[in-house]
Every structure is written in structure tokens, then in C-alpha cells.
Amino acid sequence: MESLDFTSGRVFAERGRLYTESSCPGKRVYGERLVRSSGMELREWDPRRSKLGAYLSVGGTAFPFRIDSRVLYLGASSGTTASHVADICRDGKVYCVEFAQRMFRDLVKTCEDRPQMIPILGDATRPGEYAVFADSVDVVYQDVAQKRQADIICDNMEAFGASFGMVAVKARSEDVTSSPEAIFRETEARIRERGFRIIDSRSLEPYEKAHEMIVFERQ
């Protein structure tokens, strides 16, 4: 099984499948397959259930997560992708912000066995309301389905002093009348206007329709 070295050995690939080394052995989050390899328990990372997994599966390599990273995850839902991030950042923290109360209840359950995951009931457009939980972070990751996606993540980057940002842009959440490609270019332009440098941007097809992952950093 091949280790993807840009994650410090925490993500693995074999025959087109992705895995993270489980930080909570024996526990599944979304029915994923568990396998043993070289004395480790690995959790299969399904790119059809995770936009971050999809980004890696389509060849993305701009991956700022490290074993001790402090991550602000906006739009954590029930914790499917966030739990894989917690596997990678097992010596760090993953602050999981979710607005929908029903999904938040599921998120709390996911976090119970993973002390590095902190569930936060909050609105991603109001970073000041949850700033008490995290003074600063290294990475902001965003997966929210609403307008102004570029400004939401940039506002959070500035509020928490993050060096890196990743946003899974949903074109249809911005404007259903414009082409996805136009939305992606506008989003990239807005991130640059806010003073950040884009490292990578790529479509998440065929795993996600009309989605693009943008990775950027503070200049």
C-alpha cells in the first residue's frame, strides 16, 4: 500500500482506493470498510461521500493538513470527511462547525470517540460567534451550500489567522443561471482580491457535478 507523502504518511492509496490510518480503531463513521495493513487499521475514504477525498482522487496534491494541524472545518455535517481529517491531524485539532441541528446531533456522536474533533453549533457567516472555541488555526476547510462562498472562507481565514484555505465551491449554490466555469473563475478572482494566492484549483468531476476545489494560501 502506497503512502501519499504530502500528508506525512497518514493517507494511503492502493488500486485506486484511498485510506486514512484510523485514529479510533474499530469504529466506523459512515459504514466505510476497515482493513489491516502493516500493523495499522485503515479506513477506506470514499470519494463519492467526501469532496476532499474526491480532490485527492482526481489528482490534487496541494494538501496542507499535517499531523499536528489545527483545522477549522466549516460545514462539517455529520462528520464524514472531518473524521478523515481527524485521522490525519491526530495530534492537532479539528474544530467542526455545523449549522443544521439535526446534522449537528450526528456530528456530536462522531466526535465522542475522537477527542481531537470539537463540535461547534454555529453559522459559518458569523465567525465571531465561535471564535471563543479556537484562537487560531492553520487551515480553514469549507464545504457550505450557500452564496458568497469565497467571502465566507476568507472572512474565517482572517478571523482565525489561518495560513491555508480549501473551499469546495458549489456552483449551483452561487447562481443557477451562470455556467459552473464562470462561477469558478469569479470565485477564484474574489479570493485573489481578498489578498490570497491560489495554489491549485480543479474540477471534482466525475465524483461531484459542478464542483471545484480551490486551495489557496496567505501571501
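Where in the structure is the place of R15? In this predicted model, R15 sits in the loop between strand 2 (11-14) and strand 3 (17-21). The legends below begin with this loop.

**View 1. R15 in the loop between strand 2 and strand 3.** R15 is not a glycine, yet its phi is positive, near 50°. The residue is exposed, with a relative accessible area of 83%.

**View 2. The hairpin of strand 4 and strand 5.** Strand 4 (residues 34-37) and strand 5 (residues 40-45) run antiparallel and are joined by four bridges. L34 has R43 in strand 5 as its bridge partner. Two residues lie between the strands of this hairpin. S38, found in the loop between strand 4 and strand 5, has a positive phi of about 50° although it is not a glycine. With a relative accessibility of 72%, S38 counts as exposed.

**View 3. The open sheet of seven strands.** Pairing in this sheet is mixed, and the strand order is 8-7-6-9-10-12-11. Strand 8 and strand 11 are the edge strands, each pairing on one side only. From one strand to the next, the twist averages 15°. Within the sheet, strand 10 (residues 164-170) pairs with strand 12 in the antiparallel sense, over seven bridges. K170 has H211 in strand 12 as its bridge partner.

**View 4. Helix 3 and helix 4 across the strands.** Helix 3 (residues 101-112) lies across strand 7 (93-98) and strand 8. Relative to strand 8, helix 3 runs at about 165°. Helix 4 lies across strand 6 (70-74), strand 9, strand 10, strand 11 and strand 12. The angle between helix 4 and strand 10 is about 160°.

**View 5. Surroundings of P119 in strand 8.** P119 is partly exposed, with a relative accessible area of 27%. Leaving aside neighbours within four places in sequence, P119 is in contact with C96, F104, L107, V108 and C111. The C-alpha atoms of P119 and T61 are separated by 27 Å, and these residues are 58 places apart along the chain.

**View 6. Cysteines without a disulfide.** The count of disulfides comes to zero. For C96, the closest cysteine sulfur is that of C111, at 4.7 Å, too far for a bond. C96 counts as buried at 0% relative accessibility. C111 also holds the closest cysteine sulfur to that of C24, but there the separation is 11 Å, again too far for a bond. C24 counts as buried too, at 9% relative accessibility.

**View 7. The stacked pair of Y130 and F160.** Four aromatic pairs are present in the structure. In the pair of Y130 and F160, the ring centres are 5.9 Å apart and the planes make an angle of 5°, a stacked arrangement. Y130 lies in the loop between strand 8 (117-121) and strand 9 (139-142), and F160 lies in helix 4 (residues 149-160), so the pair ties together parts that are 30 residues apart in sequence. Y130 is buried, with a relative accessible area of 2%. F160 is likewise buried, with a relative accessible area of 2%.

**View 8. The edge-to-face pair of F196 and F216.** The centres of these rings are 5.4 Å apart, with 70° between the planes. F196 belongs to strand 11 (residues 196-203) and F216 to strand 12 (residues 211-218), so the pair ties together parts that are 20 residues apart in sequence. F196 counts as buried at 3% relative accessibility, and F216 is buried with a relative accessible area of 0%.

**View 9. The cis peptide bond from E205 to P206.** Omega of this bond is near 5°. P206 is found in the loop between strand 11 and strand 12.

**View 10. Two nonpolar cores.** The largest nonpolar core has 33 residues. W45 and F65 have the most contacts inside this core. Another core, of 29 residues, lies apart from the largest one, and its members include L72, I120, V140 and F160.

Terms used. Residues are numbered from 1 along each chain as its sequence is written. This is a predicted model: local features need pLDDT of at least 70, side-chain atom pairs count only at pLDDT 80 or more; totals for chains, interfaces and linings use all residues. Side-chain values use heavy atoms; hydrogens and water are left out. Rings of Phe, Tyr and Trp (its six-membered ring) pair if their centres lie within 6.5 Å; planes under 30 degrees apart count as stacked, over 60 as edge-to-face and the rest as tilted. Buried means under 20% relative accessible area, exposed over 50%, partly exposed in between (1.4 Å probe, protein chains only). Two strands pair if DSSP finds at least two bridges between them. Axes are lines fitted to C-alpha atoms, for helices over the stretch in contact, and angles run from 0 to 180 degrees between N-to-C directions. Contact means heavy atoms within 4.5 Å. A disulfide is a pair of cysteine sulfur atoms within 2.5 Å. A nonpolar core is a set of buried Ala, Val, Leu, Ile, Met, Phe, Trp, Tyr and Cys residues joined through side-chain atoms within 4.5 Å.
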